[in-house]
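Good morning, colleagues. Please take a moment with the sequence and the structure before we go through selected regions together.

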Amino acid sequence: MFGTLASGDIETARLRRNLGVTRNLGFSCGGFEDLGMRLEGDNMKPQGEGDEDVAEETASFEIQQHPFQQTQKLVVGYALTSKKKKSFLQPKLELMARRKGICFVAIDLNRPLSEQGPFDVVLHKLLGKEWQEVIEDYQQTHPEVTVLDPPSSIQRIYNRQSMLQGMADLKLSDCSGSMFVPKQMVVLKDSASSADKVVEAGLKFPLVAKPLWIDGTAKSHQLFLAYDRRSLAELDPPLVLQEFVNHGGVMFKVFVVGDIIKVVRRFSLPNISNCDKAKVEGAFKFPRVSSSAASADNADLDPSVAELPPKSFLEALVKELRTLLGLRLFNIDMIREHGSKNVFYVIDVNYFPGKFCCYGKMPDYEQVFVDFFQNLAQARHKKRHCK
């Protein structure tokens, strides 16, 4: 096109200059430094080992897009556990994100966060007071960076006493459904002596017993069903006792990613009749109902049980919850009261869902997150130009 050798030298110089910028930033964003490599789980593997089609597609994209970094729009620094990284940062998501100029960069926990980046977004899910202080300090010194999400808001979700507070008072503008939370109380110690307090609080057996704290361990997700007063002595405090609501054996998992909402059905506990209550004694461990194996999306169910909550109702509810919780990435577990049309109960909230109800099990999660990050990039662009 240029017709001279000098123009070729100019192109070479520009290419070297752009590569130099990439090296100075301290990371590779889908460019030549990781060319010929692909991500599989937590390990980098050479192309040609495994899925050749994915590797070939990745390589061809990087060659076309890297030289001038024309599509670079958003750098997402992430601090995740190895399990969370493996379930969330899957190769397909990274490939789709790179196509849209979205780059994921691991945060080095052994270096000061302020010395890394620069980042447009920080995505994190780590426990501990020390990490919370790191993020809070970073927010103060880097207000231009979007942090997903504020540690204080996340901490509220890790405590099942505060998790559902305020939800019963939400005023939804949509009238196609009603939202409640089950009656519950907290037992900090001596579960056996809490029976009288259960009666005083007006709770009726059976009760769902949940650990008070969600600390990332499998034990914090172990649930029990207590059928009578004596069964409370079998439980280990601190815990939350929540009144069981018959819901036809189907639970709705509502995934929230910014303004985007996705709903899936999961099998849950069957209804409990008065006859069952009279016959059964003791505390029984819940089966795991959140796994993909418990999916009820394709099951032949009674429409009155399986029908998804109305879209307008969910949109109104999620809008209020985003404000109440101060979060953009969360999942709510919701049930429909058996025998009702649209009376729903929120029974649990999970932040940036992990092992048992992770975003990786949400339909089209890759596209959902690419759209979400693109929306963040567009919002940042508009904010800069409005100043």
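In which helix is the place of Phe-88? Phe-88 belongs to helix α3, which covers residues 82-88. Please keep in mind throughout that this is a predicted model.

Let me stay with Phe-88 for a moment. With a relative accessible area of 1%, Phe-88 is buried. Setting aside residues up to four places away in sequence, Phe-88 touches Leu-80, Leu-93, Leu-123, Phe-352, Tyr-365 and Phe-369. Phe-88 and Pro-353 are 265 residues apart in sequence, and their C-alpha atoms are 9.7 Å apart in space.

Two of those partners lead to further details. Leu-93 is one of the buried residues of helix α4, residues 91-99, together with Glu-94, Leu-95, Met-96, Ala-97 and Arg-98. Just after α4, Gly-101 adopts a positive phi of about 80°. The other partner, Phe-352, is found in the loop between β16 and α12, the latter being residues 365-386. Phe-352 counts as buried, at 0% relative accessibility. Its phi is near 40°, a positive value in a residue other than glycine.

Before going further, a word on confidence. The mean pLDDT of the protein is 79, and 75% of its residues reach 70 or more. Over residues 1-28, however, the pLDDT is below 50, and this stretch has 25 contacts in the model beyond near neighbours in sequence. Residues 30-71 likewise stay under 50 in pLDDT, and the model has 63 contacts for them beyond four places in sequence. Where pLDDT is low, the predicted coordinates should not be read in detail.

I turn next to helix α5, residues 129-141. This helix has 13 residues and reaches 19 Å from its first C-alpha to its last, close to the 18 Å expected at 1.5 Å a residue. Which residues of α5 are buried? They are Trp-131, Ile-135 and Tyr-138. These residues lie on the same side of α5, because the arc they cover around the axis is only 60°. In general terms, an α-helix has 3.6 residues a turn, so residues three or four places apart point the same way. The buried residues of α5 pack against β3 (74-80), β5 (121-125), β6 (146-148) and α6 (151-157). On the face turned away from this buried side, α5 carries the exposed residues Lys-129, Glu-130, Gln-140 and Thr-141.

Close to these elements in sequence are two loop residues that deserve a comment. Asp-120 is placed in the loop between β4 (102-106) and β5, and at 14% relative accessibility Asp-120 counts as buried. A polar atom of the Asp-120 side chain lies 2.8 Å from the backbone nitrogen of Val-75. Asp-149 is in the loop between β6 and α6. The peptide bond that joins Leu-148 and Asp-149 is cis, with omega about 0°.

A cis peptide bond also runs from Pro-237 to Pro-238, with omega near 0°. Pro-238 is found in the loop between β10 (224-226) and β11 (239-243).

Now to the annotated positions. Which residues does the UniProt annotation "binding site" cover? According to that unreviewed entry, they are Asp-333 and Asp-348. The two span 16 residues in sequence, yet their C-alpha atoms are no more than 5.1 Å apart, so they gather at one spot.

Asp-333 lies in strand β15, residues 329-336, and counts as buried at 6% relative accessibility. Its side chain makes a polar contact of 2.5 Å with the side chain of Lys-253. Beyond four places in sequence, the residues that Asp-333 touches include Met-251, Phe-252, Tyr-345 and Asp-348.

Asp-348 lies in strand β16, residues 343-351. Is Asp-348 buried or exposed? At 7% relative accessibility, Asp-348 counts as buried. Among the residues it touches beyond four places in sequence are Arg-160, Met-163, Leu-164, Lys-210 and Asp-333.

I close with Phe-286, in the loop between β14 (283-285) and α10 (303-306). Phe-286 is buried, with a relative accessible area of 16%. Leaving aside its neighbours within four places in sequence, Phe-286 is in contact with Val-208, Leu-223, Phe-224, Leu-225 and Leu-269. Phe-286 and Ser-268 are 18 residues apart in sequence, with 9.3 Å between their C-alpha atoms.

Key:
Residues are numbered from 1 along each chain as its sequence is written. Side-chain values use heavy atoms; hydrogens and water are left out. Helices (H or I, at least four residues) and strands (E, at least two) are DSSP runs, numbered from the N terminus. The expected span of a helix is 1.5 Å times one less than its number of residues. Buried means under 20% relative accessible area, exposed over 50%, partly exposed in between (1.4 Å probe, protein chains only). The arc is that of the directions from the helix axis to the C-beta atoms. Contact means heavy atoms within 4.5 Å. UniProt positions are given in the numbering used here, feature names are shortened, and annotations may be inferred rather than shown by experiment. A polar contact is a pair of N or O atoms within 3.5 Å; within protein, one must be able to donate a hydrogen and the other to accept it, and residues adjacent in sequence count only if both atoms are side-chain atoms. pLDDT is the predictor's confidence in each residue, from 0 to 100.
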